[in-house]
There are 2 protein chains.
Amino acid sequence: MNKLLIIARDSDQYRQQIEMAALPFLEIVQSASEEVELVLGEPTGIRALLPELPALKWVQATWAGVEPLLDPSLRRDYILTNARGVFGGLMSEFVFGYLLMHERRILQRLDAQKQGKWDSTRTGTLRGKTIGLLGVGSIGAHLAGSAKHFGMTVHGYTRSSETCSQVDRYYHGAELGAFATGLDVLVNVLPNTSQTRKIVDARLLAALPPQAVFINVGRGTALDEPALVSALETDRLALAVLDVFEQEPLPARHPFWHTKNLFITSHTAAPSFPQDIVKVFIENYRLFSSGKALNYQVDFERGY
Amino acid sequence: MNKLLIIARDSDQYRQQIEMAALPFLEIVQSASEEVELVLGEPTGIRALLPELPALKWVQATWAGVEPLLDPSLRRDYILTNARGVFGGLMSEFVFGYLLMHERRILQRLDAQKQGKWDSTRTGTLRGKTIGLLGVGSIGAHLAGSAKHFGMTVHGYTRSSETCSQVDRYYHGAELGAFATGLDVLVNVLPNTSQTRKIVDARLLAALPPQAVFINVGRGTALDEPALVSALETDRLALAVLDVFEQEPLPARHPFWHTKNLFITSHTAAPSFPQDIVKVFIENYRLFSSGKALNYQVDFERGY
């Protein structure tokens, strides 16, 4: 039997849904032990238990981000897979929810309504505008599809890949400034690696036009936070929506809480719904059982 | 020469863009006269000028709604075409902007932020929810496509047509109650006709589940307004977004201004952008010049 330990805030739902799948040779256990070979759960909780799992063979993370398990001081003698391919739709809802709120003046109209004012100010439209994606993996590709659905032009900045057919124009390497110029929207979806740290800095923000919107759904480390405060407070950027931060939860005294035209969404853009993650786990368990390579295996060195 | 009169708040833009198209035998004139045969503009303004246009042959409206020209006391000795096929994308931005605001708790998260609170409440998702379209013409079909993009199930209520392949299930005639049961979202996109008046009444609202959202982008006459106030104030409906009203602008003392969970958007959902309408006009002018049937001709009796 393969003994599986589940470490997640929705443990009961995960257990129930996995049991319903009646996977062969799988037994779900309640606590860490010398016999546990498989773990499904949240990287933070798993990190704490690593020393108690000597037989560990495979960890399926319920999140896309697995930073807590990448610390070089930790063991790497197991296969780590993350959750991928399930967050694209949720990220699109998030990004386009905020973009449409902005274009369609939802908050301004609400203010007018509170004042009993018939506000016939014409709205903007996403159609014809240009969105730039910092990183075009599976989430970026989904955002590109949504942008196309709304009639936008899509630019993508990647290390070298040009695999998404919905990206109208790709930029790489030193072309970061050229990529930013002329964007109406910049969305960061890059993972946290040494190359992506503070990639959104004062220089990149200055290259964006003043009417641009910046959205960060990648990692907080990708952003130079003081540079963003400065750009927003001096109207060199119209709006920012931040789901991720260098330090989470955001510290009580952080200037972001009161920065002009900045929206804080507390790392809620793409929640892990058990029904989505269980599908990833089941597919991977089948591959594991038959000795095949697993989907979404994380390279400990590369960081994603 | 065909003399064209333009009556619109963006007259200069219309004139400029039509002149750039250099249409043969077309002359744009500045005022109504005995020689004007063609008019492009807003139905309200055109209505006032009808007696001064004895040679009128064709009116291209810049709006979808042409009620001001349908009054039985007015002449009907000309071809009336409305603007169609250009509002679908704008309507999708509007409808999905408000739906995403609701699902993703944008206003609640903003409140939390103002209180300096890290709000990690999980969001909802549109995926897997069911949207019902009251009316599936070109706008309804576009909304159906957007709903599918976001992973929703689409139900449609029409008189008899079943032409949109993105609608998962159609309802007709007496099936209105069955159509409403189980919807998470109801969107009215019906034109104003004798059959659609007060179609959204207390009974239909009662058939919707209490978590449902109602959006009216069709015509204000389709809604029994007091019934909606009652449903919202007693939490039998979660949210309503109204772009259109029985009387516009909405009167200062109307209860809607202060109804719980109701958003007023002052007939701004799908503005007529000159670049869109000019395309419709040019295509129709070519058909007109060659003696062919025009696109989007309105049936004065039927009302659309």
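**Exercise 1.** By what turn and what shift along the axis can chain B be laid on chain A, and with what RMSD?

*Solution.* The model is a predicted one.
Step 1. A turn of 180° is required, together with a shift of 0.0 Å along the axis.
Step 2. After this operation, chain B lies on chain A with an RMSD of 0.0 Å.
Step 3. The two copies are therefore related as by a two-fold rotation axis.
Step 4. To locate the axis within chain B, consider B:Gly97: its C-alpha is the one nearest the axis in that chain, at 2.8 Å.

**Exercise 2.** Describe the side of chain B that touches chain A, and state whether the copies meet through the same surface or not.

*Solution.*
Step 1. Begin with the extent of the contact: 38 residues of chain B are in contact with 38 residues of chain A.
Step 2. Identify the contributing elements. Those of chain B that give two or more residues to this side are helix 3 (88-103), helix 4 (106-114), helix 5 (138-149) and strand 12 (262-264). Helix 3 of chain B gives the most, with nine residues.
Step 3. Sort the residues by class: the side of chain B that touches chain A holds 17 nonpolar, 14 polar and seven charged residues.
Step 4. Compare the chains. Because 100% of the interface residues of chain B are also interface residues in chain A, the copies meet through the same surface.

**Exercise 3.** State how chain A is divided into domains, and how far apart the domain centres lie.

*Solution.*
Step 1. The domain assignment gives domain 1 of chain A as 2-85 + 272-289, and domain 2 as 88-264.
Step 2. The C-alpha centres of domain 1 and domain 2 of chain A lie 33 Å apart.

**Exercise 4.** Determine the strand order of the seven-stranded open sheet of chain A, and explain which strands stand at its edges.

*Solution.*
Step 1. The order is 8-7-6-9-10-11-12, and the pairing is parallel.
Step 2. Strand 8 (169-171) and strand 12 (262-264) of chain A each have a single partner strand, so they stand at the edges, with one side left without a neighbour in the sheet.
Step 3. On average, neighbouring strands of this sheet are turned by 15° against each other, direction ignored.
Step 4. Examine one pair. Strand 6 (residues 130-134) and strand 9 (residues 185-188) of chain A pair in the parallel sense over four bridges. Here A:Ile131 stands opposite A:Val185 in strand 9 of chain A.
Step 5. Add the helix. Helix 3 (residues 88-103) of chain A packs on the sheet, where it touches strand 9, strand 10 (213-216), strand 11 (239-242) and strand 12 of chain A. The direction of helix 3 of chain A makes about 160° with that of strand 10 of chain A.

Note on methods: Residues numbered from 1 in each chain as written. Chains lettered and ligands numbered in written order. Predicted model: local features only at pLDDT ≥ 70, side-chain atom pairs only at ≥ 80, totals over all residues. Domains from an automatic or database assignment. Pairing = 2+ DSSP bridges. Axes fitted to C-alpha atoms, helices over the stretch in contact; angles between N-to-C directions. Contact = placed C-beta atoms within 7 Å. Nonpolar A, V, L, I, M, F, W, Y, C, P; charged D, E, K, R; others polar. Least-squares fit on C-alpha atoms with pLDDT ≥ 70 in both.
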